[in-house]
Amino acid sequence: MAAVLIFLLAVLVIESIAAKYLQSRIAALHGDCSKMRDSTRTTRRELLSMVNAVRELAMKARGYPVIRVRYLPMDEEIVLMHPNISMLNCAWENGIGIPTACLGNARCGTCKVRIIEPKDKMPAKAAQEKITLSMFTRDENIRLSCMIKPRENMTVGIESEQALIDTVLSFPVV
């Protein structure tokens, strides 16, 4: 009987030591993941800055206006690649995950963005955009990113929570 108790006590001690070791390893891995995430974000911003500079030169060389779109809450600014691109395609081509179920045909309403600037100079909504948005909101500052082709610098906020989940890497705190 005493031998069994000593054995069980030894097992508990070993499990306790193993659990503490695993917790320390998980904390170390969490720290490593946080460092990698921060490094990746910094590298992404540096690369995006260089790409934007090249795009700006290319747009000027072609005689096109240089148009910048700032996406919030990521706070990433993108120079459009050509003057007739939708905000949705611009985001996709630059790794910003605005979701859509209809692939940019103004049918699903999942690519909603909030126009922050300029609110007063936005083009009128197309008929399909009006129909789709009427199912979700009456807010005039909410538009479908698949339908907006910027003609001047803009700042927009992504409305979809799924876009934030896809775009912003998050790791659980252990």
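A salt bridge here is a side-chain nitrogen of Lys or Arg within 4 Å of a carboxyl oxygen of Asp or Glu. By that yardstick the structure holds eight salt bridges. This is a predicted model, in which local features need pLDDT of at least 70 and side-chain atom pairs count only at pLDDT 80 or more, while totals for chains, interfaces and linings use all residues. Residues are numbered from 1 along each chain as its sequence is written, and side-chain values use heavy atoms, with hydrogens and water left out.

First, the overall layout. The protein chain has four helices and five strands, taking helices (H or I, at least four residues) and strands (E, at least two) as DSSP runs numbered from the N terminus. Their order along the sequence is α-β-β-α-β-α-β-β-α. The radius of gyration of the protein chain is 24 Å, well over the 16 Å that the globule rule gives for 174 residues, so the chain is more spread out than a compact globule; the radius is taken over C-alpha atoms, and the rule is 2.2 Å times the number of residues to the power 0.38. The C-alpha trace spans about 85 × 40 × 25 Å along its principal axes.

As for surface and packing, the accessible surface of the protein chain is about 11100 Å², with 61% of it belonging to carbon and sulfur atoms; areas come from the Shrake-Rupley method with a 1.4 Å probe, and for residues only the protein chains shown count as cover. Buried residues account for 30% of the 174 residues, where buried means under 20% relative accessible area, exposed over 50% and partly exposed in between (1.4 Å probe, protein chains only). Of the contacts (heavy atoms within 4.5 Å) between residues at least 6 apart in sequence, 64% join residues at least 24 apart.

Back to the charged pairs. Arg-114 and Asp-139 meet through their side chains in a salt bridge at 2.6 Å, N to O. Arg-114 sits in strand β3 (residues 112–117) and Asp-139 in the loop between α3 (127–134) and β4 (142–144), so this pair ties together parts that are 25 residues apart in sequence. Arg-114 is partly exposed at 30% relative accessibility, and Asp-139 is also partly exposed, at 26%.

Lys-125 bridges to Glu-140, with the closest N and O atoms 3.5 Å apart. Here the loop between β3 and α3, home of Lys-125, is joined to the loop between α3 and β4, home of Glu-140, so parts 15 residues apart in sequence are tied together. Glu-140 is exposed, at 59% relative accessibility.

Glu-129 and Arg-143 form a salt bridge at 2.9 Å, N to O. This one links helix α3, through Glu-129, with strand β4, through Arg-143, across 14 residues. Glu-129 is buried, with a relative accessible area of 1%, and Arg-143 is buried too, at 4%. Elsewhere, a network of salt bridges links Glu-56, Lys-60, Arg-68, Arg-70, Asp-75 and Glu-77.

Then there is Arg-55, in helix α1 (residues 2–62). Arg-55 is buried but has no salt bridge, the nearest side chain of opposite charge being Glu-93, 6.1 Å away; Lys and Arg count as positive and Asp and Glu as negative, with His and the chain ends not counted. What does the side chain of Arg-55 reach at 3.3 Å? The partner is the backbone oxygen of Val-79. Beyond its neighbours within four places in sequence, Arg-55 is in contact with Ile-78, Val-79, Leu-80, Met-81 and Asn-94.

Technical notes. Polar contact = N/O pair within 3.5 Å; in protein donor to acceptor, adjacent residues only side chain to side chain.
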